[in-house]
Amino acid sequence: AYTAKIGPSILSSDLSQLGRECERMMECGADYLHLDVMDGHFVPNITFGHPMVECLRKAVGPNPFFDMHMMVSRPEQWVRPMAAAGANQYTFHLEATTNPGSLIKEIRESGMKVGLAIKPGTTVEELAQWAGQIDMALVMTVEPGFGGQKFMEDMMPKVSWLRSQFPSLDIEVDGGVGPDTIHRCAEAGANMIVSGSAVLGSADPRTVIALLKDVVLE
Ligand code: DX5
Ligand code: ZN
């Protein structure tokens with residue numbers, strides 16, 4: 001059996017009830033929470049920023065792990081505010097910065113873990129040169145910006161290649177992942193699974209989370 005950590009993307013939840021939705025996901029077996037920050041510039045959508053994260057942290061207490069998916073044009077700008085707000089991991093996009101090395105250093109100095117994300121059009125080789133310095137690689141399986149899109153299976157070779165090169169690296173997939181597509185991700189070697197609409201759109205999120213965790217590889 002294959003086990004991965006499941007991080008619901010609360011973008012697909014009732015945003016007027018965000019604190020309660022986060023608690024509900026943790027009660028349903030989520031291992032961590034994936035929080036999608038969008039600035040309307042890096043992606044054509046807007047969500048929330050560090051003031052919301054600060055409120056959420058107060059609402060849910062110290063335990064849930066916040067993986068911040070920073071879909072923003074100036075990731076350097078929000079490192080300190082996010083750390084102060086209670087974020088645990090800062091996952092920025094390689095496409096959004098000219099100096100990944102100094103950003104990685106800043107994130108570490110602020111006490112957060114480091115995630116590095118690539119959009120579907122970015123090669124995994126571009127990410128690989130930083131892989132030794134990060135905690136997690138995020139291979140996007142949709143164009144970032146919206147929940148509920150179709151899983152891009154042709155991203156799986158990126159995951160398999162990363163897994164073969166970096167056996168102990170955390171590898172996250174994000175976009176269109178649910179019970180129908182989890183096998184592909186598991187086979188390729190992803191061990192952190194983001195799922196938005198499949199989990200939050202379900203009447204029974206607990207069962208969906210359990211299904212995602214318990215994939216049997218052939
Ligand atoms: C897309 C976001 C994803 C999204 C996932 O830009 O990064 O986290 O919310 O939602 P689903 O699982 O519905 O594709
Ligand atoms: Zn995301």
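Two residues are in contact if their C-beta atoms, placed from the backbone, lie within 7 Å. This is a predicted model: local features need pLDDT of at least 70, side-chain atom pairs count only at pLDDT 80 or more, and totals for chains, interfaces and linings use all residues. Residues are numbered from 1 along each chain as its sequence is written, while chains are lettered from A and ligands numbered from 1 in the order in which they are written.

**Exercise 1. Helix H2**

Find the buried residues of helix H2, the side they occupy and what covers them.

*Solution.*
- Step 1. Fix the terms. Helices (H or I, at least four residues) and strands (E, at least two) are DSSP runs, numbered from the N terminus. A residue is buried if 20 or more other C-beta atoms lie within 10 Å of its own, exposed if 12 or fewer, and partly exposed in between.
- Step 2. Helix H2 spans residues 50–60, and its buried residues are Val 53, Leu 56 and Val 60.
- Step 3. They cover an arc of only 60° around the axis, taken from the directions from the helix axis to the C-beta atoms, so they sit on the same side of H2.
- Step 4. Recall the geometry. An α-helix has 3.6 residues a turn, so residues three or four places apart point the same way.
- Step 5. Turn to the other side of H2: Pro 51 and Lys 58 are exposed there.
- Step 6. The cover over the buried residues of H2 includes helix H1 (18–27), S2, strand S3 (66–71) and helix H3 (79–85).
- Step 7. Just after H2, Gly 61 has a positive phi of about 85°.

**Exercise 2. Helix H4**

Which residues of helix H4 are buried, and which elements do they pack against?

*Solution.*
- Step 1. In H4 (residues 100–109), Pro 100, Leu 103 and Ile 107 are buried.
- Step 2. Their arc around the axis is only 60°, which puts them on the same side of H4.
- Step 3. Gly 101, Ser 102 and Glu 109 are exposed on the other side of H4.
- Step 4. The buried residues of H4 pack against H3, strand S4 (89–93) and strand S5 (113–118).
- Step 5. Gly 111, just after H4, takes a positive phi of about 95°.

**Exercise 3. The sheet**

Give the strand order, and explain why S1 and S2 each have one side without a neighbour.

*Solution.*
- Step 1. Two strands pair if DSSP finds at least two bridges between them.
- Step 2. The open sheet has eight strands in the order S1-S8-S7-S6-S5-S4-S3-S2, with parallel pairing.
- Step 3. Strand S1 (5–8) and S2 stand at the edges with a single partner strand each, so one side of each has no neighbour in the sheet.
- Step 4. The twist averages 25° from one strand to the next.
- Step 5. Check one pair: S1 and S8 run parallel over four bridges, and Gly 7 has Val 194 in S8 as its bridge partner.
- Step 6. Check another: five bridges join S6 to S7 in parallel, with Met 136 opposite Asp 170 in S7.

**Exercise 4. Ligand 1**

How many residues surround ligand 1, and how do they divide by type?

*Solution.*
- Step 1. A residue is near a molecule if its C-beta atom, placed from the backbone, lies within 6 Å of it.
- Step 2. Ligand 1 is surrounded by 22 residues, and the closest are Ser 9, Pro 144, Gly 147, Gly 196 and Ser 197.
- Step 3. Strand S2 (33–38), strand S8 (192–195) and helix H8 (197–200) each supply at least two residues of this shell.
- Step 4. The shell holds seven nonpolar, 13 polar and two charged residues. Ala, Val, Leu, Ile, Met, Phe, Trp, Tyr, Cys and Pro count as nonpolar, Asp, Glu, Lys and Arg as charged, and the others, Gly among them, as polar.

How values were computed:
Axes are lines fitted to C-alpha atoms, for helices over the stretch in contact, and angles run from 0 to 180 degrees between N-to-C directions.
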